[in-house]
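Me: I'd love a close look at one part of this model, with a little of its surroundings for context. Could you walk me through it at an unhurried pace?

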Amino acid sequence: MAEEEKRSGKNPQDKPLHDKADERRDDEQLVIPGVLPLLPVRDVVIFPFMIVPLFVGRERSINAVDSALTKDRLIFAVTQRDVTKEDPDPADLYATGTVCMIMRMLKLPDGRVKILVQGLARAGVEKFVQVRPSYTVEVAKIKETAGAPPTLEVEALMRNVKEQLERLSTLGKVVFQEVMMVLDNIQDPGRMADLVAANLGLKIEEAEAILEILDPVARLEKVAELLVKELQVAQMQVKIQSQAKEEMDKSQREYFLREQMRAIKNELGDIEEGGEEMDEFREKVKKARMPAEVEKEAYKQVDRLEMMHPDAAEAALIRTYLEWLVELPWSVYTKDTLDIDKAKAVLDSDHYNLEKVKERILEYLAVRKLQKKTKGPILCFVGPPGVGKTSLGRSIAKAMGRKFVRISLGGIKDEAEIRGHRRTYVGALPGRIIQGMKQAGTANPVFMMDEVDKIGMDFRGDPSSALLEVLDPEQNYAFSDHYLNVPFDLSKVMFIMTANMSDPIPEALLDRMEVLSLPGYTEEEKIEIAKKFIVQRQITEHGLTDKLLKLPDDTIRKVAAEYTREAGLRNLEREIASLCRKVAKKVASKKGKKELTVIKPELLHEYLGVPKYLPEAEQETDEIGVATGLAWTPVGGEILHIEATIMSGKGQLTLTGHLGDVMKESAQAALSYARSRAHEFDLSADFYKNLDIHVHVPSGAIPKDGPSAGITMATALISALMKRPVSKDIAMTGEITLRGRVLPIGGLKEKALAALRAKIKTIIIPERNKKDLEEIPKDVLKELRFLPVSHMDEVLRIIFPKKSGTARSAPSRKPKLKRRSARPRI
């Protein structure tokens with residue numbers, strides 16, 4: 001028996017596809033030939049603008065498809081009256097059908113043909129021209145009644161149909177969201193009627209009747225009538241389902257009562273149940289090698305469970321509690337890799353530089369080698385995003401031969417996330433710490449907690465306070481989780497915290513951690529990391545090889561300098577990945593040849609577009625009233641161009657640029673210093689009375705605060721008053737007092753890296769920050785010149801070398817820094 005023509009799907013009316021409503025065709029311009037091959041279909045009525053897949057299996061139908069494909073791909077689809085008839089006669093077919101376009105055709109191995117057709121227009125059969133080898137008919141296109149602009153009644157009818165269809169979808173009828181979106185854009189009642197009818201799952205007779213109605217409004221009214229009927233049926237289905245659920249609840253209640261009766265009978269008959277399960281629990285408790293106190297509690301809970309009915313509610317809680325107890329690693333430890341050279345090789349293979357962190361890990365391993373009972377360290381990696389804090393934790397675990405567990409603390413506000421819920425609560429579970437220990441499977445993993453600076457707090461408690469017990473070596477040997485309610489030893493765990501900033505971390509919590517700063521990478525470090533790790537990883541991930549793509553060092557340098565500006569490496573990796581995608585597309589294209597692509601620096605704009613970061617205008621020339629300062633941010637250092645200008649006025653000081661209170665006070669202090677030295681700047685003592693001074697820090701949308709811009713503001717202000725330019729190649733940082741003293745600042749390494757990225761070679765720093773130069777990498781010390789100063793007069797002598805009168809109270813020494821021989825670290 002030949003297989004019928006049908007749609008691919010369970011219900012032929014279930015998933016019709018339509019063009020968007022706004023993609024209307026001009027029916028008047030659609031030219032339909034007078035003679036077309038006819039395709040009988042027997043389980044679907046195809047409406048105009050409906051896209052539907054059909055399986056064609058009958059020989060006559062396959063011939064009709066072949067005939068259409070050899071001409072203009074048009075075919076006339078007509079539904080047959082009797083779906084059971086394999087070889088329909090002309091009398092078995094409806095007189096009205098739809099002219100369709102065959103969009104796609106696929107021949108299947110079993111001889112059938114799968115086609116995708118789209119309805120174009122209604123048409124009627126005028127005459128059968130032939131019946132063998134396929135039906136060919138003369139067709140006449142049916143012109144629908146021309147519709148006037150929708151009246152209020154038609155508009156109301158259309159809205160009613162939309163609302164009824166939405167209600168039907170809420171009652172369980174499958175109506176795709178795309179259909180509802182298309183309906184919102186349809187303004188033609190006839191088109192709406194066709195679309196809704198195709199999605200209602202109507203009987204063939206009902207769908208054909210709608211197809212034969214030519215008046216759009218009448219057709220929509222008929223659809224609305226059928227829609228009401230379908231809605232009533234759906235409501236009845238919901239009612240039946242509700243009744244069935246009530247019956248089910250009643251059955252469950254009866255089952256519970258019967259189980260209670262069975263339990264009573266078992267008790268009276270002294271029948272033991274669950275003995276095998278209890279023996280299994282006791283064996284697991286014995287194998288877990290718990291501490292004596294915990295083991296005693298576990299056996300107590302097993303005895304309680306044994307006395308309960310297996311289906312009791314509390315029995316399930318005790319069973320879950322026992323499963324947690326026996327699955328925790330009470331006495332399971334991994335053996336540390338105490339080979340210092342091997343551990344160093346592992347750390348060096350995964351990360352470039354970061355010598356200070358690596359040295360700390362090797363020191364811990366050395367101590368472990370000499371003293372077996374040492375406690376695990378609690379480290380905190382602080383640095384901007386993308387510097388490798390999380391991946392460094394994995395490398396540490398790998399180097400030590402330990403398991404690695406990571407949780408994120410960002411955004412948690414509930415103390416129970418750390419300590420767990422008490423078992424009296426429904427759905428209680430242990431906290432994230434105990435869950436992590438179970439996941440690790442050992443009692444001495446490397447446990448990383450990311451984003452410790454982003455912990456929240458609300459009425460449910462303070463998670464950071466709960467961490468005090470976890471991270472205190474004097475307490476965590478007996479950490480108590482609310483769910484377990486027995487002590488768990490965390491003293492052998494190596495905790496590693498990560499944060500972008502240390503300021504938001506509560507002081508008590510910060511005091512328990514050993515803070516290691518990862519401030520950021522220099523340009524040379526980025527190039528080395530890219531060469532050793534990033535480039536090869538991205539080439540592999542994008543299906544390329546070294547024989548297909550090569551990135552010279554100068555190309556990587558230009559990407560890092562002109563397409564990224566960050567302390568970490570994430571954007572650099574994204575840009576390199578973009579280069580790999582472009583080359584992968586070229587290789588994978590049909591015309592692409594598998595040849596080596598060398599991306600030179602001058603070709604970068606073809607792959608990545610124009611550079612994203614260029615030198616700012618202030619850096620190109622020395623200007624009056626513009627001084628370059630250095631700032632610290634959570635993502636690394638930045639340069640600030642502080643501007644000052646003088647105008648006629650009444651002595652008003654204006655500060656703009658979204659400055660904080662501390663920065664405003666620095667500007668006031670700088671002005672007071674300038675007024676106190678007015679005679680040394682060849683200014684009258686009351687110069688400020690007839691002048692207005694405006695100090696501005698660009699990028700006004702970004703909040704700025706901190707005291708380290710004091711000497712920069714004073715320099716810009718004095719430059720404007722003296723009308724002498726400030727060198728663009730000198731950056732400075734330091735806090736100023738009213739007497740002109742320069743106080744120390746923080747974040748010197750980040751600021752130095754920012755100056756290096758901005759091509760600034762000379763930096764004025766406070767005298768008391770000379771000690772921090774040991775933290776700066778050697779390559780940065782070679783590139784930069786640091787000038788330590790202790791007084792503002794020294795700053796002015798450096799900035800304005802030809803003027804010597806301003807240095808009356810400053811010591812007469814040359815502001816040069818002797819390089820230290822100690823190895824700088826980051």
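In what order do the five strands of the open sheet come, and is the pairing parallel or antiparallel?

Reply: Happy to take you through it, and please keep in mind that this is a predicted model. The open sheet has five strands, ordered E9-E10-E13-E8-E14, and they pair in parallel. At its edges sit strand E9 (404–408) and strand E14 (514–517), each of which has a pairing partner on one side only. Going from one strand to the next, the twist averages 20°.

Let's start at the E9 edge and move inward. E9 pairs with strand E10 (residues 446–450) in the parallel sense, over five bridges. If you want a place to put your cursor, Ser408 has Asp450 in E10 as its bridge partner. E10 in turn pairs with E13, again in the parallel sense, through four bridges. Here Phe447 is a good landmark, since its bridge partner in E13 is Phe495. On the other side of E13 in the strand order comes E8. Strand E8 (residues 378–382) runs parallel to E13 and is joined to it by five bridges. Among these pairs, Val382 is matched with Ala499 of E13.

E13 itself deserves a pause. Six of the six residues in strand E13 (residues 494–499) are buried, so the strand is largely enclosed by the rest of the structure. As background, side chains in a regular strand alternate between the two faces of the sheet. In E13 both faces are covered: one side carries Met494, Ile496 and Thr498, the other Phe495, Met497 and Ala499, and all of these are buried. Two of the landmarks above return here, as Phe495 and Ala499 belong to the face listed second.

A little further along the sequence you reach helix H17 (residues 523–541), which has a kink of about 55° centred on Ala530. Ala530 is also one of the buried residues of H17, a list that includes Ile527, Ile529, Phe533, Ile534, Val535 and Ile539. Polar and charged names appear in that list too, among them Glu523, Glu525, Lys526 and Gln538. The buried residues of H17 pack against helix H10 (340–350), strand E15 (549–550), helix H18 (553–562) and helix H19 (570–588). After the helix comes Gly543, with a positive phi near 75°.

For the wider setting, the chain holds 25 helices and 27 strands, and 47% of its 826 residues count as buried. Among contacts with a separation of 6 or more, 74% are between residues 24 or more positions apart. The largest nonpolar core has 67 residues, and those with the most contacts inside it are Phe47, Phe76, Ile115, Leu165 and Leu183. Helix H6 (residues 216–268) gives the most to this core, with seven residues. To see the surroundings of one core member, try Ile115: leaving aside neighbours within four places in sequence, its contacts include Leu39, Val52, Pro53, Ile102 and Met105.

One last point concerns the cysteines. Cys100 is buried, at a relative accessible area of 1%, and Cys580 is buried as well, at 0%. With a cut-off of 2.5 Å between cysteine sulfur atoms, the count of disulfides is zero.

Notes. Residues numbered from 1 in each chain as written. Predicted model: local features only at pLDDT ≥ 70, side-chain atom pairs only at ≥ 80, totals over all residues. Heavy atoms only, no water. Pairing = 2+ DSSP bridges. Axes fitted to C-alpha atoms, helices over the stretch in contact; angles between N-to-C directions. Buried < 20%, exposed > 50% of the residue type's maximum accessible area, 1.4 Å probe, protein only. Core = buried A, V, L, I, M, F, W, Y, C linked by side-chain atoms within 4.5 Å. Contact = heavy atoms within 4.5 Å. Bend = angle between axes of the 7 residues up to and from the residue.
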